[in-house]
Amino acid sequence: MKIPIRNLFYLLSYVWDVDWEMEWSAINAEKSGDALNLLAKILTISTDRIIRRGLDRGYKDVSEEMFGVRGRIDIANTIKRNGFANAKLTCNFEELDYSVLHNQIIKTTLVNLSHVNGLNKNLREEILDLTHRLRAIESIELNQNIFSKVRFHSNIRGYRLPISVCKMIYDQLLPSETVGRYEFVNMTDEKLFRIFEKFILEFYKKHLKQTIYTHIKKERLGWQETAYEGGIEDFLPSLETDVSLFNETSKLVIECKFYESALQTRTIGNLNIRSTFISTHINQLFVYLKNLEMKDKNTLSGLLIYPENGEKVDATYNMHGNKVSIKTINLDSSPQEINDAMLACLEPFKDVAINKHEI
């Protein structure tokens, strides 16, 4: 499934918690053409911004032979190096250095990007200029775990965007057949689904005051009134909502599904049986509602959200006392239209909270 570059960045702006309109204006990514050049452009602009404001530094442990004393004398290594005879002491001390982890991740990603096939020529030149400006920073070997080691605090909040971009670039780079070169692979549907799912959560979190709800979270559920009585293994799946919106009287469980279509069509021979909603998705949502019903006194409702792929879906049902809606969001429309559609998804549930409150 394809998402236009402009809208991909709109979704990512919520995932990364950045100002969509301001960043889009600064990036001017209409000319990017693809995800590689979009991400490269975001990284160059956000890195340049950090350099202009002043790179973060941190203390680094240094061990060095010297005349005189600095920090703490390392007696064992001084004796080992015959330092007392030469009047040179081995000292351990801390020194402010630009080669802190978040700077190293950015520097290494820029170096790797400069060797990626398909990168815009002007962008490559900007990247090479940035790597020169970061020449005091040592490169490192990137891996999946290293990004989670960055601890963001108020002094480095400006690093959140470039580090997030670096992680996404890392995930999409593969070594090329040419030694020292890389290929940027297209984002898989699984990757786009994770972006879409995170967008749904962060969108409603940011716009919570425009809804009837007061709280939002991902909710882990237990299987109510269920006990394992024996067998080879307990294979019951874990239950966790994508989004739970709630207030004092009602709760809405939202499930996000990134499928080509919200509908399924069965074919038997040459006969196409009429389309229906995907039963496993309906059943999953229903299981969540029924398990919540046993412990939650709020009025419970459910919402399935799919990306729209040529066929708009907008249906609402009453299922055993629970209002359930199935909606599609057109990711090929403008960001403002996506914004409006996301808020419109909650419209069927306004009367649920009102009626409960009146009772």
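**Entry 1: strand β17**

I started with strand β17 (residues 322-329) and found it mostly covered, with 7 of its 8 residues buried. Buried here means under 20% relative accessible area, exposed means over 50%, and partly exposed is in between (1.4 Å probe, protein chains only). Strands are DSSP runs of E with at least two residues, helices are runs of H or I with at least four, and both are numbered from the N terminus.

A note to self on the source: this is a predicted model, where local features need pLDDT of at least 70 and side-chain atom pairs count only at pLDDT 80 or more, while totals for chains, interfaces and linings use all residues. Residues are numbered from 1 along each chain as its sequence is written, and side-chain values use heavy atoms, with hydrogens and water left out.

Next I looked up the partners of β17. Strand β15 (residues 299-307) runs parallel to β17 and is joined to it by 7 bridges; I305 has K327 as its bridge partner in β17. Strand β16 (residues 314-319) runs antiparallel to β17, with 6 bridges between them, and N318 stands opposite K323. Two strands count as paired if DSSP finds at least two bridges between them. The hairpin of β16 and β17 has 2 residues between the strands, and H320 takes a positive phi near 50 degrees there.

**Entry 2: K257**

Is K257 buried or exposed? I had to look twice at this lysine: K257 counts as buried because its relative accessibility is 11%. K257 sits in the loop between β10 (250-256) and β11 (263-264). Leaving out residues up to four places away in sequence, K257 touches F193, F196, H281, Q284, L304, I305, Y306 and P307. Contact means heavy atoms within 4.5 Å. I had already met I305 as the bridge partner of K327.

**Entry 3: helix α9 and L12**

F193 and F196 from that contact list took me to helix α9 (residues 189-206). I checked its length: the 18 residues should span 26 Å at 1.5 Å a residue, and the end C-alpha atoms are 25 Å apart, which agrees. The expected span is 1.5 Å times one less than the number of residues. Among the buried residues of α9 are F193, I195, F196, F199 and F203.

I then followed I195 to L12, which is found in helix α1 (residues 5-15). L12 is buried, with a relative accessible area of 0%. Apart from neighbours within four places in sequence, L12 is in contact with M168 and I195. The C-alpha atoms of L12 and F196 are separated by 8.7 Å, although the two are 184 residues apart along the chain.

**Entry 4: a three-stranded sheet**

I traced an open sheet of 3 strands with the order β1-β3-β2 and antiparallel pairing. Its edge strands are β1 (58-66) and β2 (72-73), each pairing on one side only. Between β1 and strand β3 (residues 89-97) I noted 9 bridges, and G58 has D97 as its bridge partner in β3.

**Entry 5: salt bridges**

How many salt bridges does the structure hold? The structure holds 19, taking a salt bridge as a side-chain nitrogen of Lys or Arg within 4 Å of a carboxyl oxygen of Asp or Glu.

I looked at K41 and E126, whose closest N and O atoms are 3.7 Å apart. K41 lies in helix α3 (residues 35-53) and E126 in helix α7 (residues 121-133), so the pair ties together parts that are 85 residues apart in sequence. E126 is partly exposed at 32% relative accessible area.

Back at the sheet, the side chains of E95 and R70 meet in a salt bridge (3.7 Å, N to O). E95 is in strand β3 and R70 in the loop between β1 and β2, 25 residues apart. Both come out partly exposed: E95 has a relative accessible area of 33% and R70 has 38%.

**Entry 6: the whole chain**

I closed with totals. The chain has 12 helices and 17 strands, and 47% of its 359 residues count as buried. Its radius of gyration is 27 Å, whereas a compact globule of 359 residues would be near 21 Å. That radius is taken over C-alpha atoms, and the globule rule is 2.2 Å times the number of residues to the power 0.38. The C-alpha trace spans about 90 × 50 × 45 Å along its principal axes.
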